[in-house]
Amino acid sequence: MAASSSFSRVFPSRERAGRSRSIVLALLLPVFLWLAYAASATGGRDIPASATGAVMPGSAVPHRIVSLVPSLTETLFALGLGSRIVGITDFCDHLPEARSIPSIGTCLEPSVEAIAARGPDLVLYGPDQEPVARRLRGLGLNCVPVRQLALGDIPEAVLRLGDICGAPAAAASAAARFKDRLDAVARAVGDRPRPRVLLCVGRDVAGGRIEQAYVAAPGAYHDALLRVAGAENAWRGRSLTSYPVVTQEGLMGLDPEIIVDLVPDPDRQPGGL
């Protein structure tokens, strides 16, 4: 999801969604868009750099980078390192300047052969892409996992990329801006009422009606953003995943005061919106 190709729809589910709630959401949505370049919910366990052949202090700075995660691609551009990227996935196309970079396949099924053909000295991937990384390491390629699951992972990931790629000053500046923005939002809403907000990140539509939706639950960085922005998550149940599926009846039962519906790539949605 990127600011240039996604938008949010906000639906007050009851008339009592008043001015204070509108202010909360007005602050909430710019945070989502600002986060887009570096926030992708990738699951899995982070792996120590020393155990993966990662670039360690004193090693050569990489100049041919393949990125297997859209958010990592956009983070590299945000750090001024876009010219070093020699391979990206089919989904790393939100930035116009990235669209001329050769694709190595999709995030879930990247081509090992295409990656190797690019001759990278660094492959960046999400922890849930470890099976592909093992195959790449078997070819002698340097692969580094970068975790971006929780909100706190994001500035840490930016700083880690800066260290690995020889851009620590740019990374420190970006991480500081990230934290300052969140702190400013938290201060702005600190004394306001906290509406119960349901944040939807996907939906299944059939016959003109929503059959079920995928919502942010505790553990998702979206849940942390809701709290920073002054909202209470309307999802209160337990879940085995950070983005549980809720049926239409379940949505009615949650009875949120406000629903924020995040729609990535609206032009690609089947059947329109």
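1. Start with the largest nonpolar core, which has 24 residues. Leu76, Leu79, Leu122, Leu124, Val146 and Cys165 are the members that touch the most others. Helix H2 (70–78), strand S4 (122–125), helix H5 (153–165) and helix H6 (168–188) each give two or more residues to this core. With 5 residues, H5 gives the most. Keep in mind that this is a predicted model.

2. There's also a second, separate core, made up of 17 residues. Its members include Ile154, Leu199, Leu225 and Ala231.

3. H5 deserves a look of its own. Of its 13 residues, 10 are buried, so the helix is largely enclosed by the rest of the structure. The buried ones are Asp153, Ile154, Pro155, Ala157, Val158, Arg160, Leu161, Gly162, Ile164 and Cys165. You'll recognise two names here: Ile154 is in the second core, while Cys165 belongs to the largest one.

4. The length of H5 checks out too. At 1.5 Å a residue, its 13 residues should span 18 Å, and the end C-alpha atoms are indeed 18 Å apart. Right after H5 comes glycine 166, with a positive phi near 75°.

5. On to the cysteines: the disulfide count is 0. For cysteine 107, the nearest cysteine sulfur belongs to cysteine 92 and is 5.7 Å away; a disulfide would need the two sulfur atoms within 2.5 Å.

6. Are cysteines 107 and 165 buried or exposed? Cysteine 107 has 16% relative accessibility, so it counts as buried, the cut-off being under 20%. Cysteine 165 is buried as well, with a relative accessible area of 0%.

Definitions and conventions. Residues numbered from 1 in each chain as written. Predicted model: local features only at pLDDT ≥ 70, side-chain atom pairs only at ≥ 80, totals over all residues. Heavy atoms only, no water. Core = buried A, V, L, I, M, F, W, Y, C linked by side-chain atoms within 4.5 Å. Buried < 20%, exposed > 50% of the residue type's maximum accessible area, 1.4 Å probe, protein only. Helix = DSSP H or I, 4+ residues; strand = E, 2+ residues; numbered from the N terminus. Expected span 1.5 Å × (residues − 1).
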